[in-house]
Amino acid sequence: MIEKIKEIIDRQKRIEDELASPDIINDRALMEKLSKEYRGLKKNMPVYLKYMALAKAVSDDRALLKSETDPELLGIVREELCPFEQELPALEEKVKYLLVPKDPIDEKNALVEIRAGTGGVEAGIFGADLFRMYMHYIENKGWKSEVLSSSFGEMGAIKELIFSVTGDDVYGTLKFESGVHRVQRVPQTEAQGRIHTSAASVAVFPEADDVELSIDPSELRIDVFRAGGKGGQHVNKTESAVRIVHLPTGITVQCQDEKSQMKNKARAMKILTSRIMDAKISEKQARESATRKTIVGTGDRSEKIRTYNFPQNRLTDHRINLTLYKLDAVMNGDLQDIIDALILAELNSRLQTVNS
């Protein structure tokens, strides 16, 4: 592991030199890529350096115990070595996780789609609650978000909403949110005070770069039409809404939030390219692992990944059997404990693969 850490230190130094080069200023894409890699390396560097220092101290003290004969000095060395040896295994384990090769896709920005599932209006209201939950979490992380497409029903219920998230390691953090989220509570629409079960589905896609995915214009069918919705001077008066169909895959995207047809088309293309990229990634992973499960749910309760039980203030993530009794905090964006547990579970799985 020491050699691997030294390679990482050398890589960080090389990136520093490249970022300081005048030549890179004109290459914005490369600068952004290197800056993101540098921030990732720098974030973990204190752990690497602490491990190297501690490992060296343990090695030096053990060597002294073998070569030294002075009883007083031996006592001092043993006293120093004891806490070092106690701390080293846990730190070594942490370094092992950090050294597991990262999936480059995890560093990408992401698009998040929320859809109402079973449960009628209450499912859409819960979808809106999930959206607010993610907005709080994104704000706490210092990321940026933008709603790309939205469709609402009664009482602010979400039919479908798609938003982008920009920041460091966004996809690698949010990808675990993909699946069906089930809620158990008394709905706003329930007059009898009975607990109902509803569901909303969440899908997280890595944002595709133009360089990575080139789409042949002949493979697209683009329709423009008048936007629907409540009021607004542009609604039903100008053909600003855009629907794009990718003919080879049948993937369809529709945007009508903006007054400008051009802006709606740009947003639709952004969503379309990310969905196509996600489909390609899913196909590749399916070929590599027959046990891979789809991350995009249908909104049916039987495909749940997580349950939000409001009467008991309880959240359960069924993939890792994690239960927390702080649902109120979670709905206010306190998702990190859940995401950390999911990341650790994935790292353990990848670590076993690397070692096998």
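The following dialogue examines how statements about this predicted model rest on their definitions.

Colleague: What should be known about the model before it is read?

Modeller: This is a predicted model, in which local features need pLDDT of at least 70 and side-chain atom pairs count only at pLDDT 80 or more, while totals for chains, interfaces and linings use all residues. Residues are numbered from 1 along each chain as its sequence is written, and side-chain values use heavy atoms, with hydrogens and water left out.

Colleague: What makes a residue score low or high, and what does the chain average in pLDDT?

Modeller: The pLDDT is the predictor's confidence in each residue, from 0 to 100. The chain averages 86, and 89% of the residues score at least 70.

Colleague: Where does pLDDT stay under 50?

Modeller: It does so over residues 231-235, for which the model has 6 contacts beyond four places in sequence; contact means heavy atoms within 4.5 Å. It does so too over residues 290-302, with 27 contacts beyond four places in sequence. Where pLDDT is low, the predicted coordinates should not be read in detail.

Colleague: How many helices and strands does the chain have?

Modeller: The secondary structure comes to 8 helices and 11 strands. Helices (H or I, at least four residues) and strands (E, at least two) are DSSP runs, numbered from the N terminus.

Colleague: How do you know that the span of helix α4 agrees with its number of residues?

Modeller: The expected span of a helix is 1.5 Å times one less than its number of residues. Helix α4 (residues 121-141) has 21 residues and should therefore span 30 Å; its end C-alpha atoms are 31 Å apart, which agrees. Just after α4, Gly 142 takes a positive phi of about 80°.

Colleague: Which strands are the edge strands of the open sheet of 8 strands?

Modeller: Two strands pair if DSSP finds at least two bridges between them. The order is β2-β3-β1-β5-β4-β9-β10-β11, with mixed pairing. The edge strands are β2 (144-152) and β11 (322-324), because each pairs on one side only. The twist averages 15° from one strand to the next, where axes are lines fitted to C-alpha atoms, for helices over the stretch in contact, and angles run from 0 to 180 degrees between N-to-C directions. Helix α4 packs on this sheet, touching β1, β2, β3, β4, β5 and β9, and its direction makes about 15° with that of β3.

Colleague: How do you know that β9 and β10 pair?

Modeller: Strand β9 (residues 304-309) and strand β10 (residues 314-317) have 4 bridges in the antiparallel sense, and at least two are required, so they count as paired. Thr 307 stands opposite Thr 316, and Asn 309 stands opposite Arg 314. The hairpin has 4 residues between the strands, and Asn 313 takes a positive phi near 55°.

Colleague: What joins β10 to β11?

Modeller: There are 3 bridges, and the strands run antiparallel. In β11, Thr 323 is the bridge partner of Thr 316. Asn 321, in the hairpin of β10 and β11, takes a positive phi near 55°.

Colleague: Which residues of β10 point one way, and are they buried or exposed?

Modeller: Arg 314 and Thr 316 point one way from β10, Leu 315 and Asp 317 point the other way, and all are buried.

Colleague: What is the order of the open sheet of 3 strands?

Modeller: The order is β6-β7-β8, with antiparallel pairing. Its edge strands are β6 (220-225) and β8 (251-255). Strand β6 is joined to β7 (residues 241-246) by 6 bridges, and Val 224 stands opposite Val 242 in β7.

Colleague: Why is Cys 255 called buried and Cys 82 partly exposed?

Modeller: Buried means under 20% relative accessible area, exposed over 50%, and partly exposed in between (1.4 Å probe, protein chains only). Cys 255 has 0% and is therefore buried, whereas Cys 82 has 39% and is therefore partly exposed. A search of the whole structure finds 0 disulfides, a disulfide being a pair of cysteine sulfur atoms within 2.5 Å.

Colleague: Why does Gly 119 count as partly exposed?

Modeller: Gly 119 has 38% relative accessibility and so counts as partly exposed. This residue is in the loop between β1 and α4. Gly 119 and Ser 198 are 79 residues apart in sequence and 4.4 Å apart in space, C-alpha to C-alpha.
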